[in-house]
Amino acid sequence: MTLVRSRITGTGSYLPEQILTNDELAARVDTSDEWIVQRTGIRQRHIAAPEQKASDLALAAARRALAQAGVDGADLDLIVVATTTPDQTFPATAVFVQKALGMTGGAAFDVQAVCSGFVYALTVADNFIRLGQASRALVIGAELFSRILDWEDRATCVLFGDGAGAVVLEAVEGQGTSADTGILTTHLHSDGRHHDLLYVDGGVSSTGTIGHLRMEGREVFKHAVTKLAEVVDEALTATGLESSDIDWLVPHQANRRIIDATARKLDLPADKVVLTVDRHANTSAASIPLALDVAARDGRIKPGDIVLIEAMGGGFTWASALLRW
Ligand code: UT7
């Protein structure tokens, strides 16, 4: 039986020029490079220039992904941007990207699922393509967490950074088996009972302010390890694949210890895990497409490889997808 699947045909990423090292942070708050590296694996983060907005970062990553795919912006029929730090309350950051790319038809909108945002956006675009509502989509994760951090709170300000990543998704024909190329399965979850363990203490209709990120780190950590293992198993079960079939784990880059725990549960050796958290810290929805771009461009991820992506974030939200590159 033939069916439509969506396949990643191009990746792109962008990190702002300014780098903020752990030592520089240690000069501002009571922390140290040693503590940050040991507890998180993070060595530095990138910080956007004051005039840069989410759509600027998104656009830079998008242009690189489109160039690699050989697709013109005008030929897209869908843009989904995952962001928690949009340019404006409305319109969606996606429409600024749409305008800059010269795309006048189709649809462009944002998805908000915090750190799971990219997997959510990818799932939405994949569903559009599989249902025939779109044939060529751009999926972007773009974040400027530097704008919502409390720079005096050492428990959170050391963890996050700014950046963007993008993928081009195009419709391809499949046979409905795990031997197909493209996205094989996606799994989304949320549980709003945990909304107050990782959140921003401001908002348009509550305080009328932007607010700052607040987190119960230890609780988030515990949930992440458990929920990610579950959602990864779900993806394997849905496709009939084994963990030994996975060529690359490209996880949300929040904390090296969480990533190591997921890899251990899957019995995956370290050299099958794409790790970029050291260079850009947690960039929320941007982290998976950033890591995908690095590993696709340096030749690690090759056509035919099985790639597992997974993420967990505020809400709580958690999600996974399995794809054949
Ligand atoms: O994308 C999803 C969103 N977030 C995450 O995935 C983050 C999940 N959580 C984590 O990654 C970890 O919980 C953290 C990295 C945030 C913290 O690591 P931890 O091993 O869970 O440390 P902790 O919160 O239990 O704190 C240990 C100690 C505390 O001191 P006491 O109470 O033991 O004296 C903290 O006050 O470390 C202290 N601490 C710090 N020390 C130096 C907290 N932040 C810092 C810091 N520098 N930046």
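Biologist: Hello! What is the phi of Asp267, the residue that follows H8?

Modeller: This is a predicted model, in which local features need pLDDT of at least 70 and side-chain atom pairs pLDDT 80 or more, while totals for chains, interfaces and linings use all residues. Residues are numbered from 1 along each chain as its sequence is written, and side-chain values use heavy atoms, without hydrogens and water. Helices are DSSP runs of H or I with at least four residues, and strands are runs of E with at least two, numbered from the N terminus. After H8 comes Asp267, and its phi is positive, near 60°.

Biologist: Which residue has a side-chain oxygen reaching the backbone nitrogen of Arg257 at the start of H8?

Modeller: A polar contact is a pair of N or O atoms within 3.5 Å; within protein, one must be able to donate a hydrogen and the other to accept it, and residues adjacent in sequence count only if both atoms are side-chain atoms. At the start of H8, the backbone nitrogen of Arg257 has such a partner to within 2.7 Å, and the side-chain oxygen belongs to Asn255.

Biologist: Nice. Which elements do the buried residues of H8 pack against?

Modeller: Buried means under 20% relative accessible area (1.4 Å probe, protein chains only). In H8 (residues 256-265), that holds for Ile258, Ile259, Ala261, Thr262 and Ala263. Using contact as heavy atoms within 4.5 Å, their packing partners are helix H7 (217-239), strand S11 (248-251) and strand S12 (306-313).

Biologist: On to the ligand: how much of its accessible area does the protein cover?

Modeller: A nitrogen atom of the ligand is 2.6 Å from a side-chain N or O atom of Thr31, and an oxygen atom of the ligand is 3.3 Å from a polar side-chain atom of Trp35. Gly217 places a backbone N or O atom 3.1 Å from a ligand nitrogen. By the Shrake-Rupley method with a 1.4 Å probe, the covered share of the 950 Å² that the ligand has on its own is 76%.

Biologist: Which element gives the largest share of the shell around the ligand?

Modeller: The shell has 23 residues, each with a heavy atom within 4 Å of the ligand. Four of these residues come from the element with the largest share, H7.

Biologist: Last one: why does the ligand lie between two domains, and which are they?

Modeller: The bounds come from an automatic or database domain assignment. Two domains both give residues to the shell, so the ligand lies between domain 1 (3-174) and domain 2 (182-324).

Terms used:
Buried means under 20% relative accessible area, exposed over 50%, partly exposed in between (1.4 Å probe, protein chains only).
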